[in-house]
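Got the model open and a selection box ready? Let's walk through it stop by stop.

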Amino acid sequence: MAPTPAGNRRTRVHVVSDVHGNARDLARAGAGADALICLGDLVLFLDYADHSRGIFPDLFGVANADRIVELRTARRFEEARVFGASLWAGIGGDRAAAIEKAVRKQYAEMFAAFPTPTYATYGNVDMPPLWAEYAGPGTTVLDGGRVEIGGRVFGFVGGGLRTPMSTPYEISDEEYAAKVEAVGEVDVLCTHIPPEVPELVYDTVARRFERGSRALLAAIHRTRPRYPLFGHVHQPLVRRMRIGATECVNVGHFAGTGKPWALEW
């Protein structure tokens with residue numbers, strides 16, 4: 001990391017989202033920056049581009065990972081749920097304990113790779129109760145909170161909205177809206193999911209609309225931050241677009257690119 005900003009020196013932050021197990025590149029993501037911001041999804045449960053990677057294929061094999069991806073991509077969510085349940089029944093034991101053990105292993109590696117300082121919020125596939133155990137003194141976790149970096153105020157809202165995928169950190173629209181309201185007016189609004197704009201929520205590879213937040217979109221119209229930064233949609237139809245004077249930016253699928261998005265002022 002660069003030294004702490006002082007005087008009139010320019011400030012640079014690097015932003016990543018959807019890390020999904022890419023600890024190697026995460027360890028280098030803060031190079032040359034005053035701070036790293038992480039918008040969540042550290043866990044890799046199943047890599048839709050490489051079905052051999054993640055917790056699911058480690059437990060059930062690649063062939064079963066191929067099948068679950070096929071069902072989910074076809075939006076046959078109920079069939080996918082039944083198929084997944086049959087796999088878990090086949091191995092016996094405590095499903096929650098097996099997942100937590102695998103997630104803990106990934107978190108130990110991910111949090112060790114964070115540089116100092118890092119400001120992070122949760123993604124929809126993350127498990128927030130575990131973060132306090134792994135976040136070191138150089139990592140600040142925010143969800144519905146604010147921090148000042150280089151004279152600008154950054155607000156953070158983590159997690160995703162409820163979907164048929166039932167990922168670990170999905171919350172109600174009302175709870176999400178309350179967190180957006182708690183953040184208030186900021187210069188940079190950092191979230192995992194995008195605002196509810198069709199061009200920003202459509203994934204061109206998965207061929208589906210992901211869930212964005214209407215409350216987030218309303219806050220952008222109302223408070224006009226300089227930037228809303230987000231991830232979640234890995235291959236969006238549009239990565240950047242303006243809403244009035246506000247520049248909305250999908251910072252990219254870090255697991256795939258290995259490169260942070262940079263903001264300098």
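Select cysteine 38 to begin. Its relative accessible area is 0%, so cysteine 38 counts as buried. Keep in mind that this is a predicted model. Where is the nearest cysteine sulfur to that of cysteine 38? Select cysteine 190: its sulfur is 11 Å away, and cysteine 38 is in no disulfide. Now add cysteine 248 to the selection. Its sulfur has cysteine 190 as the closest cysteine sulfur too, but at 12 Å that is too far for a bond. Cysteine 248 is also buried, because its relative accessibility is 0%. With a cut-off of 2.5 Å between sulfur atoms, the disulfide count comes to zero.

**Into the core**

Cysteine 38 is one of the contacts of valine 16, so to speak your doorway to the next stop. Select valine 16 and show what surrounds it. Beyond its neighbours within four places in sequence, valine 16 is in contact with Leu26, Ala29, Leu36, Ile37, Cys38, Leu39, Val251, Phe254 and Pro260. Widen the view to the largest nonpolar core, which has 53 residues. Val16, Val19, Leu26, Leu42, Tyr107 and Tyr176 have the most contacts inside this core. Colour helix α5, residues 95-113, and you have the element that gives the most to the core, with six residues. There is also a second, separate core of 19 residues, including Leu142, Ile149, Phe154 and Phe156.

**A strand pair**

Next, pick strands β1 (residues 12-16) and β15. They run antiparallel and are joined by four bridges. Zoom in on valine 15 to find its bridge partner in β15, tryptophan 261. Which residues of β15 (residues 261-264) point to which face? The side chains alternate: Trp261 and Leu263 share one face and are buried, while Ala262 and Glu264 point to the other and are not.

**The six-stranded sheet**

Switch to cartoon view and look for the open sheet of six strands, ordered β5-β6-β9-β12-β14-β13 with mixed pairing. The edges belong to β5 (145-149) and β13 (240-243), and each has a single partner strand, so one side of each lacks a neighbour in the sheet. On average, neighbouring strands here are turned by 20° against each other, ignoring direction.

Select β6 (residues 152-157) together with β9 (residues 188-191), which pair in the parallel sense over four bridges. Two residue pairs are handy to label here. Valine 157 has threonine 191 in β9 as its bridge partner, and phenylalanine 154 stands opposite valine 188. On its other pairing, β9 runs parallel to β12 over three bridges, with leucine 189 opposite proline 228 in β12.

Stay on β9 and turn on its side chains. Val188 and Cys190 point one way, Leu189 and Thr191 the other way, and all are buried.

Now bring in the helices. Helix α7 (residues 173-183) packs on the sheet, where it touches β5, β6 and β9, and its direction makes about 170° with that of β6. Helix α9 (residues 214-223) packs on the sheet as well, touching β9, β12 (227-230), β13 and β14 (246-250). The direction of α9 makes about 55° with that of β13.

**Two loop stops**

Select histidine 192, in the loop between β9 and α8 (198-201). Is histidine 192 buried or exposed? It is buried, with a relative accessible area of 0%. Show asparagine 124 too: a polar contact of 3.0 Å joins the two side chains, histidine 192 to asparagine 124.

Finish at arginine 76, found in the loop between α3 (62-73) and α4 (77-91). With a relative accessible area of 32%, arginine 76 is partly exposed. Its side chain makes a polar contact of 2.8 Å with the side chain of glutamate 79. Leaving out residues up to four places away in sequence, arginine 76 touches Arg67 and Leu71. For one last distance, pick the C-alpha atoms of arginine 76 and proline 164: they are 88 residues apart along the chain and separated by 9.8 Å.

Conventions. Residues are numbered from 1 along each chain as its sequence is written. This is a predicted model: local features need pLDDT of at least 70, side-chain atom pairs count only at pLDDT 80 or more; totals for chains, interfaces and linings use all residues. Side-chain values use heavy atoms; hydrogens and water are left out. Two strands pair if DSSP finds at least two bridges between them. Axes are lines fitted to C-alpha atoms, for helices over the stretch in contact, and angles run from 0 to 180 degrees between N-to-C directions. Contact means heavy atoms within 4.5 Å. A nonpolar core is a set of buried Ala, Val, Leu, Ile, Met, Phe, Trp, Tyr and Cys residues joined through side-chain atoms within 4.5 Å. Buried means under 20% relative accessible area, exposed over 50%, partly exposed in between (1.4 Å probe, protein chains only). A polar contact is a pair of N or O atoms within 3.5 Å; within protein, one must be able to donate a hydrogen and the other to accept it, and residues adjacent in sequence count only if both atoms are side-chain atoms.
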